[in-house]
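Me: Could you take a close look at one part of this structure for me, the sheet and what packs against it? I'd like one connected account.

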Amino acid sequence: MSLPLIVICVLVACLFIAVWIKRTRDKRRLEGHTITAEALHNLVNASQQVLLFDVRLPLDLLADSEIIRGATRIPPQDVLRDPSLIPKDKDAVVYCTCPGEETARRVLQRALATHHSRIKILKGGLAGWKEKGYPVVPYNESFHLDTRT
């Protein structure tokens, strides 16, 4: 094997290791900002002050027009553009219905980038909440079908 080929292999291996370390670090950071349906339900039942935000895409809301009691719906593109829509000085939980909480994770990452430290995502989203039999209410507010995020 020639020296240039060895150098390229070492560089590629270093790149893979760096990407793996970053992904692991990011995953741990995000896991520290998740809450289970059980833990959230206990907080809500204990009358703890926690703000709930439904950040589902409009088509997801059309497909399942229920919302967790007490939650406020914020279109994800609005909160991605202006994370101050979620107060920094209060505990907040965001949720969606995406596989892997994709929309909620994007909102979380944007909020963390602007120094929101008291925000979490609901693990399992609305489906996880409903699966546990926790209460939801009909969502009857009008909304735009703008699907941009």
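Reply: Happily; here is a walk from the sheet into the nonpolar cores. The model is predicted, so to speak of local features we need pLDDT of at least 70, and side-chain atom pairs count only at pLDDT 80 or more, while totals for chains, interfaces and linings use all residues. Residues are numbered from 1 along each chain as its sequence is written, and side-chain values use heavy atoms, with hydrogens and water left out.

The open sheet has five strands in the order β1-β6-β5-β2-β4, with parallel pairing (strands are DSSP E runs of at least two residues, helices H or I runs of at least four, numbered from the N terminus; two strands pair if DSSP finds at least two bridges between them). β1 (34-35) and β4 (72-73) are the edges: each has a single partner strand, so one side of each lacks a neighbour in the sheet. β1 pairs with β6 (residues 119-122) over two bridges, and I35 has L122 of β6 as its bridge partner.

Across β5 (91-95) and β6 lies helix α5 (residues 102-113), at about 175° to β6 (axes are lines fitted to C-alpha atoms, for helices over the stretch in contact, and angles run from 0 to 180 degrees between N-to-C directions).

The largest nonpolar core has 17 residues, and F53, V55, I86, V94, V107 and I119 have the most contacts inside it (a core is a set of buried Ala, Val, Leu, Ile, Met, Phe, Trp, Tyr and Cys residues joined through side-chain atoms within 4.5 Å; buried means under 20% relative accessible area with a 1.4 Å probe, protein chains only). α5 gives this core its largest share, five residues. Not counting residues up to four places away in sequence, V94 touches residues including F53, V107 and I119 (contact means heavy atoms within 4.5 Å).

How values were computed. Buried < 20%, exposed > 50% of the residue type's maximum accessible area, 1.4 Å probe, protein only.
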